[in-house]
Amino acid sequence: MFGISIESMNNNPIIVALDASTPGEIEFLCEQLSGHVGMFKLGFESIYSMGSAALDIVATFGNVFYDCKLHDIPNTVAAASRQIAGYRGVGMFNVHALGGSDMMRASVEAATEVGGDSRPIVLAVTLLTSVEQNDLDAMGLSISKTELVPRLAVLAQEAGCDGVVAAVEDVAAVRKATGKGFKIVTPGIRPAGSAAGDQKRIATPSQAMDAGSDYLVIGRPITQAEDPVVAAKGILRELEDSKVSN
Ligand code: C5P
């Protein structure tokens, strides 16, 4: 089985970031949250500690956003994309837009070779949210961050990517530049009253959706909650309530 269409998320925009390093933790969270979230995200911690074993576990519970952030020469990224698109359960994976148009296009083409119309969604990371204007200046990149992010999103779109990962502050500009239908996935989500932790630019679930996000990556507010299912349901309720009042 190849990638799973986004429709199978049942209109649930929550992508829960598992961020765990043992099979037991992953299994425990998936068991609880299966049916209450749209997708499960596996990031570097899980990928580098467990490899594809993490995917095998999660795929038995639902679809996976494989947050592998590929960035290498096109040939190498294409080879990795072919492998990822062939894993059972991967519904989404990502590449860095700063790897260039040829690299992004190679990834999409490789995923399509393997999965055809049901290939995983390929997202581009525009600019890491940890990169500040002074970092760009130090690199000699004479462009403002606010200009660069939508520009990278358009390059990703032109290269065939299905969407981008964007911080809430960039969502409106990315939506304006790329139009409807281009997927925007937003991390840094904190339901009202929950701890920001190390996230600097946060938004509530409804603020992010109102800005134009399609999917929300949410980790600790769900995974560290006393009851993760109650936390996920609370977020969905907040989204429903905000739809009614809009
Ligand atoms: O626990 P929390 O909700 O902060 O988790 C957010 C998840 O989204 C983490 O897996 C983190 O790596 C990821 N992420 C992020 N900011 C980005 C890109 C990804 O927080 N710009």
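**Entry 1: a word to settle first**

Buried means under 20% relative accessible area, exposed means over 50%, and partly exposed is what lies in between. I also remind myself that I am looking at a predicted model.

With those cut-offs I looked up phenylalanine 44. Its relative accessibility is 41%, so phenylalanine 44 counts as partly exposed.

**Entry 2: the ring pairs**

How many aromatic pairs does the structure hold? I found two.

One joins phenylalanine 44 and tyrosine 48: the ring centres are 5.5 Å apart and the planes stand at 75°, so this pair is edge-to-face. Both residues sit in helix H2, which covers residues 44–50. They are four residues apart, about one turn of that helix. Is tyrosine 48 buried or exposed? Tyrosine 48 has a relative accessible area of 66%, so I noted it as exposed.

Then I turned to tyrosine 66 and tyrosine 87. Their ring centres lie 6.1 Å apart with the planes at 65°, so this pair is edge-to-face. Tyrosine 66 belongs to strand S3, while tyrosine 87 is in the loop between helix H4 (74–86) and S4, so the pair ties together parts that are 21 residues apart in sequence. I checked how open each one is. Tyrosine 66 is buried at 6% relative accessible area, and tyrosine 87 is partly exposed at 27%.

**Entry 3: lysine 69**

What lies over the face of phenylalanine 44? I found lysine 69 there, 5.6 Å from the ring centre. Lysine 69 is a residue of strand S3, and its relative accessible area of 24% makes it partly exposed. Its phi caught my eye: the angle is near 40°, a positive value in a residue other than glycine.

I noted aspartate 19 next. Phi of aspartate 19 is near 35°, again positive in a residue other than glycine. Aspartate 19 lies in the loop between S1 and helix H1 (23–33), and it is partly exposed at 41%.

**Entry 4: the barrel**

I followed the strands around. Eight of them close into a barrel in the order S1-S2-S3-S4-S5-S6-S7-S8, with parallel pairing. On average, neighbouring strands of this sheet are turned by 25° against each other, direction ignored.

I picked out one pairing, that of S3 (residues 64–70) with S4 (residues 90–96): four bridges join these parallel strands. Which residue of S4 stands opposite phenylalanine 65? It is methionine 92.

**Entry 5: strand S8 and its neighbours**

S8 covers residues 215–218, and I wanted to know what its two faces look like. In a regular strand, side chains alternate between the two faces of the sheet. Tyr215 and Val217 are on one side of S8, Leu216 and Ile218 on the other, and all are buried, leaving both faces covered.

I then checked the partners. S1 (residues 14–17) pairs with S8 in the parallel sense over three bridges, and valine 16 stands opposite isoleucine 218. S7 (residues 183–186) runs parallel to S8 and is joined to it by two bridges. Here threonine 186 has leucine 216 as its bridge partner.

How does the chain get from S7 to S8? I traced it through helix H9 (residues 205–211), and S7, H9 and S8 make a right-handed β-α-β unit.

Last, I looked at helix H8 (residues 168–178). It lies across S6 (163–165) and S7, and it runs at about 175° to S7.

Technical notes: Residues numbered from 1 in each chain as written. Predicted model: local features only at pLDDT ≥ 70, side-chain atom pairs only at ≥ 80, totals over all residues. Heavy atoms only, no water. Buried < 20%, exposed > 50% of the residue type's maximum accessible area, 1.4 Å probe, protein only. Pairing = 2+ DSSP bridges. Right-handed = clockwise from strand over helix to strand, strands pointing away. Axes fitted to C-alpha atoms, helices over the stretch in contact; angles between N-to-C directions. Contact = heavy atoms within 4.5 Å. Phe/Tyr/Trp six-rings, centres within 6.5 Å; stacked < 30°, edge-to-face > 60°. Lys NZ or Arg CZ within 6 Å of the ring centre and 35° of its normal.
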